[in-house]
Amino acid sequence: MGLIAGSLIAKLLEHPQSIRFFHVQDGVVLSGEFPYKDEHRMGRLLILQQEPQPSEQKRLRKSITSSLSTSVNESTPTAEETVSNKVTEESKQDKNDGNFLLWVPYTYLAVNFPHLLPPTFSHLIDSTTNKADEKTWKYITCAAIKNISRVQRRTNSFGMPIIILTFLDGTSMHPLIFRHGGITKFLEALKKITPMRQSPFPDDFVVYGDYDAIVAETAAAAAAESSHSTREELNESSHSPTPQCSDSHNNNNNNNNNNNNKRSSFFEDVSREELQRVLYGTGEVFNGARLRDSLNLTFNRVRLMLRGFPDQKHNNTSSNSTPSSQFLKPSNHNNDSEINNDHDHENPLMDEGFDLVDELIPIEKQVPRLPEPQNGSMASPLTAAEWESCFNGEDRQIDIHRLEEAKLIVYMGGVEPDIRFQVWCFMLNVYPDVQNSTESKRQEIRERYAHMYEKLTLQWTNIFPEQESHFSAFREIRSSIEKDVVRTDRFHSAYAESESDKLRMLRHVLMAYALFNFDLGYCQGMSDVLSPIILLAETEVEAFMCFRCFIEEHCGNNFRHDVRVGMEVQFRALRTLIRFFVPRLFTHLVNQHADDMGFCFRWLLMLFKREFPIDDAMLLWDVVISCPYTPHFELFIAAALLKAITPQILEQHLTYDELLKFANSTAGNLNVRHLILLAQEFYDHVASHVIALDSPGTTIESYRPTLDDILKVLEGSCK
């Protein structure tokens with residue numbers, strides 16, 4: 001690096017006719033505490049080859065011709081294949097002798113090679129002087145590709161994707177920060193000209209290093225870290241029970257439809273078919289490529305277990321193919337070109353058993369991943385004994401102070417399943433006038449609901465066929481309910497049988513509610529919201545009263561015939577949170593015309609019910625409906641999730657439709673406890689910022705702003 005590297009780069013770039021560019025990546029930052037503000041440490045990352053001399057080309061061609069002639073004379077197919085492969089590897093190794101990786105700051109290019117400067121930085125040509133900027137050129141890098149031992153893909157503390165290069169002598173290069181994405185293309189270009197292999201550990205690639213030694217070292221470090229974490233968890237569990245984390249699932253709901261058309265709004269001309277596609281994932285999702293990838297992932301795990309490596313359940317492992325030995329064609333538009341990933345080859349599992357050849361996994365095929373929350377783990381759930389302490393005397397009148405304490409416990413740790421329905425009824429205000437609530441008053445409310453439900457049931461069951469034939473609105477409601485009921489949570493044992501009691505309850509309660517609120521009727525997604533409530537309730541009446549209050553308290557604007565009016569308020573609020581607290585993502589969304597937040601539609605419509613197994617969804621709802629600070633905590637969950645997956649969104653440079661698919665691919669791929677902790681951390685961060693902005697001297701311990709308070713302060717700060 002520095003002076004010597006600068007001299008090497010000058011020598012290489014002085015004769016452009018003798019070099020061949022494999023990859024050009026702009027917007028790469030080297031070092032710097034605040035890299036996105038340091039223009040002097042931003043530059044171009046180049047992978048290039050210094051063409052061999054003509055005499056060397058002749059020698060290489062002669063060597064190849066001689067080897068091929070020998071293989072033909074032997075007339076043995078196996079020998080011919082062996083010699084051919086050897087020649088390919090030797091020629092590839094020879095060519096690698098002239099391959100270099102360069103990082104050159106734009107200021108250096110402006111002074112010495114202005115013709116290589118991107119147009120957006122042409123202003124540096126006049127403003128940069130050699131003397132003024134020489135001290136910043138000490139970071140110039142020129143490294144021989146054959147000296148690279150390993151490559152690691154990471155995300156730094158600013159949420160930006162970075163690459164760390166380690167050389168054969170054990171030294172490491174300063175992290176390369178890819179401000180505008182492009183890591184996948186860089187790795188693909190490197191893989192084309194080296195024997196780079198992805199290790200069993202995601203985001204870790206071995207180039208010319210000792211593969212077995214590096215993998216063993218990484219495995220040992222991971223085992224030591226896992227052991228340390230386990231000891232900490234055991235120490236914590238000796239004092240208080242630790243909730244069991246939910247498993248991550250390997251269901252990847254992405255499909256590879258390359259539809260890049262931009263829309264001005266998700267709600268523009270939205271149709272029933274589009275809603276079905278968003279809510280129910282209709283379309284050719286389970287295609288052959290996904291099935292092949294799933295099989296490859298399964299075999300990879302078996303192979304890793306046989307070799308003694310840990311199973312990376314929460315990460316995407318590599319699919320498999322024979323790496324190409326062909327070089328990239330020289331091009332002046334490497335940064336804009338797409339690297340094709342051909343997955344139509346034969347599966348090597350068929351003839352190589354478990355001895356697979358790893359293929360580089362493009363980041364576009366990764367599922368959304370959550371970082372580890374800072375708080376570690378959730379608190380213990382609300383117990384039956386703690387809940388019972390909220391009632392006083394024979395009439396079981398509510399103790400308001402203890403009820404507020406119970407809400408905070410639920411917010412921090414959830415509820416034990418046995419008392420969940422009772423707790424939800426209070427959190428959802430099924431029993432109004434909580435301060436004066438006694439058991440006798442609560443019984444009166446239940447009886448009133450039973451009488452109401454009986455009347456509603458009589459109304460919809462007594463509509464005879466001739467009457468229904470002249471009642472189009474009722475026909476449409478009944479038809480929609482029948483269609484959605486048969487596809488709601490059918491994987492759950494309670495709904496598996498077509499004539500199960502719970503499935504019947506689901507249908508009956510939806511019909512009763514449609515008659516109760518005929519202006520609203522039935523909207524897609526209601527069956528998903530009702531499903532967990534049906535599992536908790538013992539009777540249809542209990543399910544009806546809880547469902548009615550759930551809709552009114554948390555989904556009042558979600559289920560309307562005019563989707564745009566119903567969801568617009570929530571999307572505006574989410575947009576404001578992202579604008580102020582995840583600005584890099586917001587800029588990308590604006591550029592992609594996706595800042596209407598419509599790609600989060602399914603998350604907010606059903607309060608993330610589709611993103612998790614039912615038990616996990618119930619835990620998430622525990623937190624949402626009990627949040628003592630705001631009745632719209634789901635918006636902080638959505639914002640925290642977007643912040644967590646921002647590096648992947650920016651790296652893939654997702655378009656509008658791709659954002660929708662990527663958001664929906666969160667289903668089954670998230671740890672609900674991690675997401676809850678991240679959302680609580682995000683709320684605390686937002687609240688602290690808003691308090692400091694609006695009321696300096698006030699602390700978050702003494703005041704917790706609601707969502708409305710937060711939006712008023714943030715929007716007011718822009719005026």
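**Exercise 1. Determine how many bridges join strand β2 to β3, and in which orientation the two strands run.**

Solution. In this predicted model, strand β2 (residues 42-50) and β3 are joined by seven bridges. The two strands run antiparallel. One pair illustrates the pairing: leucine 48 has phenylalanine 100 in β3 as its bridge partner.

Next, consider the pairing of β3 with strand β4 (residues 141-144), where four bridges are found. Here too the strands run antiparallel. Within this pairing, tryptophan 103 stands opposite threonine 141 in β4.

**Exercise 2. Establish which residues of β3 lie on each side, and whether they are buried or exposed.**

Solution. Begin with the general rule: side chains in a regular strand alternate between the two faces of the sheet. In β3, one side holds Asn99, Leu101, Trp103 and Pro105. The other side holds Phe100, Leu102 and Val104. The residues on both sides are all buried, and both faces of β3 are thus covered. The count for strand β3 (residues 99-105) agrees: seven of its seven residues are buried.

**Exercise 3. Describe how helix α15 and helix α20 pack, giving the angle and the distance between their axes.**

Solution. Two packed helices are described by the angle between their axes and the distance between the axes. For helix α15 (residues 439-461) and helix α20 (residues 540-554), the angle is about 100° and the axes are 9 Å apart. Angles of 65 to 115 degrees count as roughly perpendicular. Therefore α15 and α20 are roughly perpendicular to each other.

The contact itself can then be listed. From α15 come Arg446, Tyr449, Ala450, Met452, Tyr453 and Leu456. These meet Glu540, Val541, Phe544, Met545, Arg548 and Cys549 in α20. By class, the residues of this contact comprise nine nonpolar, no polar and three charged.

**Exercise 4. For histidine 593 and leucine 607, state the value of phi, the location and the exposure.**

Solution. Take histidine 593 to start. Its phi is near 55°, a positive value in a residue other than glycine. Histidine 593 lies in the loop between α22 (583-591) and α23 (601-605). With a relative accessible area of 41%, histidine 593 is partly exposed.

Turn now to leucine 607. Although leucine 607 is not a glycine, its phi is positive, at about 50°. Leucine 607 is located in the loop between α23 and α24 (614-626). Buried means under 20% relative accessible area. Leucine 607 has 0% relative accessibility and therefore counts as buried.

Notes
Residues are numbered from 1 along each chain as its sequence is written. This is a predicted model: local features need pLDDT of at least 70, side-chain atom pairs count only at pLDDT 80 or more; totals for chains, interfaces and linings use all residues. Side-chain values use heavy atoms; hydrogens and water are left out. Axes are lines fitted to C-alpha atoms, for helices over the stretch in contact, and angles run from 0 to 180 degrees between N-to-C directions. Angles under 35 degrees count as roughly parallel, over 145 as roughly antiparallel, 65 to 115 as roughly perpendicular and the rest as oblique. Contact means heavy atoms within 4.5 Å. Ala, Val, Leu, Ile, Met, Phe, Trp, Tyr, Cys and Pro count as nonpolar, Asp, Glu, Lys and Arg as charged, and the others, Gly among them, as polar. Buried means under 20% relative accessible area, exposed over 50%, partly exposed in between (1.4 Å probe, protein chains only). Two strands pair if DSSP finds at least two bridges between them.
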